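Take a moment to look over the sequence and turn the structure around on your screen. Then read on with it still in view.

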Amino acid sequence: MSRVYNFSAGPAVLPEAVLQQAAAEMLDYQGSGMSVMEMSHRSKTYQKIIDTAEANLRELMGIPDNYKVLFLQGGASQQFAMVPMNLMKNKVADYIITGQWAKKAWQEANLYGQANAVASSADKTFSYIPDCRDLPISENADYVYICENNTIYGTKFWQLPDTKGKPLVADVSSCFLSEPVDVSKYGMLYGGAQKNIGPAGVVIAIIREDLITEDVLPGTPTMLRYKTHADNGSMYNTPPAYGIYICGLVFQWLKQMGGLEAIKAHNVEKAKLLYDYLDSSRLFQGTVEKKDRSLMNVPFITGSAEKDEAFVKAATAAGLLNLKGHRTVGGMRASIYNAMPKAGVEALVRFMENFEKNDP
């Protein structure tokens, strides 16, 4: 069977060149006589893999020297607890609720202290980003938290909130490496790899060194302390070794593509194709305020649950997979991450045009 166009929100499409290289190296990684999947993480060969991956990520993002890069496990959802356990020194933090994942993070943080919802877009089903230029930031807040790109609802912070001097913590799972970023504007940013970087099972956290201390909430397990992983080069225990290797291949691919400026231009071009069609369509409509649209996740509807279902079924049969919207919102969603080729978006738009043409 030929490869399909996979619009899944995650685990998601990976660059074919990366998959081909991983396949070529599956049985024998660079003359080692074994797969990375079966290699000791304490070997010199694996140490070089993780060191190269970190160096390439630092180069791609321009990560300052006073930030640590950690390769962690537990999914992005484990960070919902790890962040307050490590950073909530005053037991106060401010959260901006722009979707399900920010809401879950806020709910989890309330287990450890006072998590204030200082802004929310729940009033319009998270279809926009609230104005964050003058928020009621708590004087004793340890940090301000956002989910920068909302996978389910298709919104994106194009302007970071004014945190009034407090460290900004951002879940960037679904926009990681999709555009250039000024890391120095964040106290911490983190993301699950399974959307834009690699296979599920790896979380990458980039944390300013002054935020990594022994001073954590009482009872914080050793494995949930950032310092544990920072002090041991992400090798305190067996890391998600093969997943990190694939992430490293993706970093190399991004460099070959021209870096984050080039990949952003590629992403803007793809998203414009789809949004321009949605804006002109009689049948399909986007669900997000234009100024807040994500380049990565594009939700849309027909206005009829039956037509939505028929569209997803027909698209699947045509090799356009995983277009069904998240179960909490319905409709459709096309996730068009870095590795989605322009040809995939063009094929989707052509299919939508034909579906609309045949709609009575």
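This report visits helix packing, aromatic rings, backbone features and some contacts between distant parts of the chain.

Keep in mind from the start that this is a predicted model.

## How the helices pack

Let us begin with helix 6, residues 241–257. One partner of this helix is helix 1, which covers residues 16–24. Their axes are 9 Å apart, and the angle at which the two helices pack is about 130°. That angle makes helix 1 oblique to helix 6. The crossing of helix 1 past helix 6 is right-handed.

Which residues of helix 1 meet helix 6? They are Ala17, Val18, Gln21 and Ala22. On the side of helix 6, the residues met are Tyr242, Tyr245, Ile246, Leu249, Val250, Gln252 and Trp253. Sorted by class, the contact of helix 1 with helix 6 has nine nonpolar residues, two polar ones and no charged ones.

Now follow the chain to helix 7, residues 259–280. The axes of helix 6 and helix 7 cross at roughly 80° and come within 7 Å. Because an angle from 65 to 115 degrees counts as roughly perpendicular, helix 6 and helix 7 are roughly perpendicular to each other. Helix 6 contributes Trp253, Leu254, Lys255 and Met257 to this contact, while helix 7 contributes Gly259, Ala262 and Ile263. By class, the contact of helix 6 with helix 7 has five nonpolar residues, one polar and one charged. Trp253 of helix 6 is worth finding on your screen, since this residue is listed in the contact with helix 1 and in the contact with helix 7.

## Aromatic rings

Next come the ring-bearing side chains. A pair of aromatic rings is described by how far apart the centres are and by the angle of the planes. The model has 12 aromatic pairs. Here are two of them:

| Pair | Centre to centre | Angle between planes | Arrangement |
|---|---|---|---|
| Tyr277 and Phe284 | 6.3 Å | 55° | tilted |
| Phe300 and Phe311 | 6.0 Å | 75° | edge-to-face |

Why is the pair of Phe300 and Phe311 edge-to-face? The planes of these two rings stand at 75°, and planes over 60 degrees apart count as edge-to-face. Phe300 belongs to strand 12 (residues 297–301) and Phe311 to helix 8 (residues 305–317), so this pair ties together parts that are 11 residues apart in sequence.

Are these rings buried or exposed? Tyr277 and Phe284 are both buried. Phe300 is buried too, with a relative accessible area of 1%, and Phe311 counts as buried at 0%. These four residues also belong to one aromatic cluster, made up of Tyr277, Phe284, Phe300, Phe311, Phe351 and Phe355.

## Backbone features

Some places in the backbone deserve a second look. Gly10 and Pro11 are joined by a cis peptide bond, with omega about -5°. You can find Pro11 in the loop between strand 1 (5–6) and helix 1.

Where does a residue other than glycine have a positive phi? Asn322 is one such residue, with phi near 65°. Asn322 sits in the loop between strand 13 (320–321) and strand 14 (332–335), and it counts as partly exposed at 44% relative accessibility. Lys91 is not a glycine either, yet Lys91 has a positive phi of about 60°. The loop that holds Lys91 runs between helix 3 (75–87) and strand 3 (92–97). Lys91 is partly exposed, at 43% relative accessibility.

## Far along the chain, together in space

Finally, look at Tyr153, in the loop between strand 6 (149–150) and strand 7 (155–156). This residue counts as buried, at 11% relative accessibility. Tyr153 and Val329 are 176 residues apart along the chain, while their C-alpha atoms are separated by 8.2 Å. Leaving aside neighbours within four places in sequence, Tyr153 is in contact with Thr98, Gly99, Gln100, Thr125, Phe126, Val288, Pro299, Thr328 and Val329.

Pro221 offers another example to find. The loop between strand 10 (203–208) and helix 5 (226–231) is the place of Pro221, which is partly exposed with a relative accessible area of 37%. Between the C-alpha atoms of Pro221 and Met85 there are 9.3 Å, although these residues are 136 residues apart along the chain.

Note on methods
Residues are numbered from 1 along each chain as its sequence is written. This is a predicted model: local features need pLDDT of at least 70, side-chain atom pairs count only at pLDDT 80 or more; totals for chains, interfaces and linings use all residues. Side-chain values use heavy atoms; hydrogens and water are left out. Axes are lines fitted to C-alpha atoms, for helices over the stretch in contact, and angles run from 0 to 180 degrees between N-to-C directions. Helices (H or I, at least four residues) and strands (E, at least two) are DSSP runs, numbered from the N terminus. Angles under 35 degrees count as roughly parallel, over 145 as roughly antiparallel, 65 to 115 as roughly perpendicular and the rest as oblique. A crossing is left-handed if the near helix is turned anticlockwise from the far one by less than a right angle, and right-handed if clockwise. Contact means heavy atoms within 4.5 Å. Ala, Val, Leu, Ile, Met, Phe, Trp, Tyr, Cys and Pro count as nonpolar, Asp, Glu, Lys and Arg as charged, and the others, Gly among them, as polar. Rings of Phe, Tyr and Trp (its six-membered ring) pair if their centres lie within 6.5 Å; planes under 30 degrees apart count as stacked, over 60 as edge-to-face and the rest as tilted. Buried means under 20% relative accessible area, exposed over 50%, partly exposed in between (1.4 Å probe, protein chains only).
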